[in-house]
Amino acid sequence: MVNWKRSSVLIRRTVGYSTVAALVCTGVSLLFLVVVGSKDDESSRARVTGAWDRVVPLIREGFLPPVLPAGKDMAIQVLNTRNEVVAATPQLAHKPPMATFRAASASVHAERVLCPPAGLKGCMTVFSYKVYQPDGPWLLYVSAPTIPWYGNTAALSFAIGMSLLMTAMTAAGTFHVAKRDMTAVDAIRTELAEITATHLHRRVPVAHNNQEEIKLLAGTVNDTLDRLEGAYKQLRQFTSDASHDLRSPLTAMRTQLEEALMHPDDTHWPTMTAAVLSGVDRLQAIVTDLLTLARLDARAPLDLSPTDLGRLLGGELDRRTYRMKIVKDLRQNVFVDCDRLRITRLLVNLLDNAERHATSQITVSVRADGPTATLEVLDDGAGVAPEHREIVFDRFTRLDASRDRDSGGTGLGLAIAREIAEAHRGTLTIQDSERGARFVLRLPIREAPHTAGRSEHRAGHTGLFSMPVPR
Ligand SMILES: Nc1ncnc2c1ncn2[C@@H]1O[C@H](COP(=O)(O)OP(=O)(O)O)[C@@H](O)[C@H]1O
Ligand SMILES: [Mg+2]
């Protein structure tokens, strides 16, 4: 099927290009032949005029020999007033007049194509001239081969030959190029068909003798495969991490329950239930975070509204109680377009971490930096080493130190926070600081809306700030 289709594409392309070439060649050849034809016709007429020039003075002066010098392919006859042939070129000597027509009484010259003129062979154009003599008008007949529209056969053969040659060369060239390109495309297709999830490391061939477009295609396909492979590896890692993180609390809960069932009398049931419940909490936290990530991955639309970032975060900070001292430096009138619920979630994730790692104090600041609104969450803990400042944003990444400090985290908090920042066309990074971790969120700033006061007010009334943040 594929082979048949391939041949049909090859044939169609070759025939198509050859037809165009043939049409162009035919057009050019016609033009060429018309030009040659008119040139030949002109030169034939010039020769006839030359014969007239030579013979007429002889008639006028009375020195006309009965046999005129032979022309190459021209025949001449001179007739007196009684229509008797008085002079002729050798092929018509002693023969009757080659034609009988003459110019109408007013004019001197007439011409006709005769096939053949009397005494000659083939089609000839016969020119008849009146030569006025004292005894009346004499007639001079000059016959010359009729010139076809294409001039001569040599020109015709040349035009046909060149046209055939050009068409054949175009056909061969098109076939060759099309076949080479199709072979390259076939190689890409075959390789792609064989690449499955298990062979994602394979790449399609990039042949250097191919057309630029095919090289570009192969390059793009390989880039796409690179990205696919990366995404697939990430997904595999994510699945394995997620399973592992879900299995650990499950296994712990199962062991606790089995233990309790085996020794029901020795079990302190309230303690056991509390332990199992904490496992359930952990599972719930992981599943909730996974769901949030899935929604962010699916690019669920944001509920954007113009928001004074300082006021939003100030409200959130006032609403919660913290184990640490919170220092606030929140500039007002720094407006961004944001989904308030999600930005609050981002802040909560950063504050949760800061609280877990800070020694005594957390500083939260909001300010405008030119076209960006900057939110910083700075703690006075151990900070994040420069080499870990990117990987902590990966899903399920938890540095060893924090595993010891607190087993409650899911390792998804920062991944969620960064997804939220990117969904808002912003960035979330860890920057250098004198002490502790400095998380910096940058969002595009917007002009203060005219209804800013009202919209904040409305948000407060709808209870937006007081809605529970899923964790
Ligand atoms: N303020 C911070 N100070 C030091 N390390 C941090 C801080 N915030 C995050 N980290 C590191 O980044 C890791 C990932 O954080 P996160 O994604 O929120 O997961 P989790 O908080 O569940 O551990 C943490 O485990 C911790 O090692
Ligand atoms: Mg966290």
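**Entry 1: the asparagines with odd phi**

I started at N333, which sits in the loop between strand 7 (325-330) and strand 8 (335-339). This is a predicted model, so I keep that in mind for every value below. N333 is not a glycine, yet its phi is positive, about 60°. I noted why that caught my eye: most residues other than glycine have a negative phi. Is N333 buried or exposed? It counts as exposed, at 60% relative accessibility.

Then I looked up N83, another non-glycine with a positive phi, here about 65°. I found N83 in the loop between strand 1 (75-79) and strand 2 (85-88). Its relative accessible area is 41%, so I wrote it down as partly exposed.

**Entry 2: a cis bond**

While on backbone geometry, I checked omega as well. Which two residues does a cis peptide bond join? They are C115 and P116, with omega about -10°. I logged this one because most peptide bonds are trans. P116 belongs to the loop between strand 3 (109-114) and strand 4.

**Entry 3: Q133**

Strand 4 covers residues 124-133, and I picked Q133 from it. I get a relative accessible area of 17% for Q133, and the residue is buried because the cut-off is under 20%. What does the Q133 side chain reach? I found the backbone oxygen of I59, at 3.3 Å. Skipping neighbours within four places in sequence, I listed I59, R60 and W138 as the contacts of Q133.

**Entry 4: T146**

Next I went to T146, in the loop between strand 5 (136-145) and helix 2. T146 is partly exposed, with 30% relative accessible area. Its side chain makes a polar contact of 3.1 Å with the side chain of T125. T125 also turns up in my contact list for T146, together with V113, C123 and M124, once neighbours within four places in sequence are left aside. I also took the C-alpha separation from T146 to G37: 11 Å, for residues 109 apart along the chain.

**Entry 5: helix 2**

From that loop I moved on to helix 2 itself. At its start, I saw a side-chain oxygen of N152 come within 3.2 Å of the backbone nitrogen of A154. How far apart are the end C-alpha atoms of helix 2? I get 60 Å for the 42 residues of 153-194; at 1.5 Å a residue the helix should span 62 Å, so the two agree. I also pulled out the buried residues of helix 2, among them A155, T167, T174, M182 and I188. That list includes some acidic side chains too: D181, D186 and E191.

**Entry 6: the annotated spans**

I checked the UniProt record, an unreviewed entry, which lists residues 15-36 and 149-172 under "transmembrane region". In the model, residues 15-36 are 100% helix and 0% strand, and I get 31 Å between the end C-alpha atoms. Residues 149-172 come out as 83% helix and 0% strand, with end C-alpha atoms 32 Å apart.

**Entry 7: aromatic pairs**

How many aromatic pairs does a search of the whole structure find? I count six. One of them is F32 with F158, a tilted pair at 5.8 Å centre to centre and 55° between the planes. F32 is in helix 1 (residues 2-61) and F158 in helix 2, so this pair ties together parts 126 residues apart in sequence. F32 is partly exposed, at 33% relative accessible area. I then looked at W149 and Y150: the ring centres are 5.5 Å apart and the planes are at 90°, so I filed that pair as edge-to-face.

**Entry 8: domains and long distances**

Last, the overall layout. The domain assignment gives me domain 1 (2-145), domain 2 (195-300) and domain 3 (301-461). I find the C-alpha centres of domain 1 and domain 3 lying 101 Å apart. I also tried one residue pair, R282 and A46, which are 236 residues apart along the chain. Their C-alpha atoms are separated by 111 Å. R282 lies in helix 4 (residues 269-297). Its relative accessible area is 18%, so I put R282 down as buried.

Terms used. Residues numbered from 1 in each chain as written. Chains lettered and ligands numbered in written order. Predicted model: local features only at pLDDT ≥ 70, side-chain atom pairs only at ≥ 80, totals over all residues. Heavy atoms only, no water. Helix = DSSP H or I, 4+ residues; strand = E, 2+ residues; numbered from the N terminus. Expected span 1.5 Å × (residues − 1). Buried < 20%, exposed > 50% of the residue type's maximum accessible area, 1.4 Å probe, protein only. Polar contact = N/O pair within 3.5 Å; in protein donor to acceptor, adjacent residues only side chain to side chain. Contact = heavy atoms within 4.5 Å. Domains from an automatic or database assignment. UniProt positions renumbered as here; feature names shortened; annotations may be inferred. Phe/Tyr/Trp six-rings, centres within 6.5 Å; stacked < 30°, edge-to-face > 60°.
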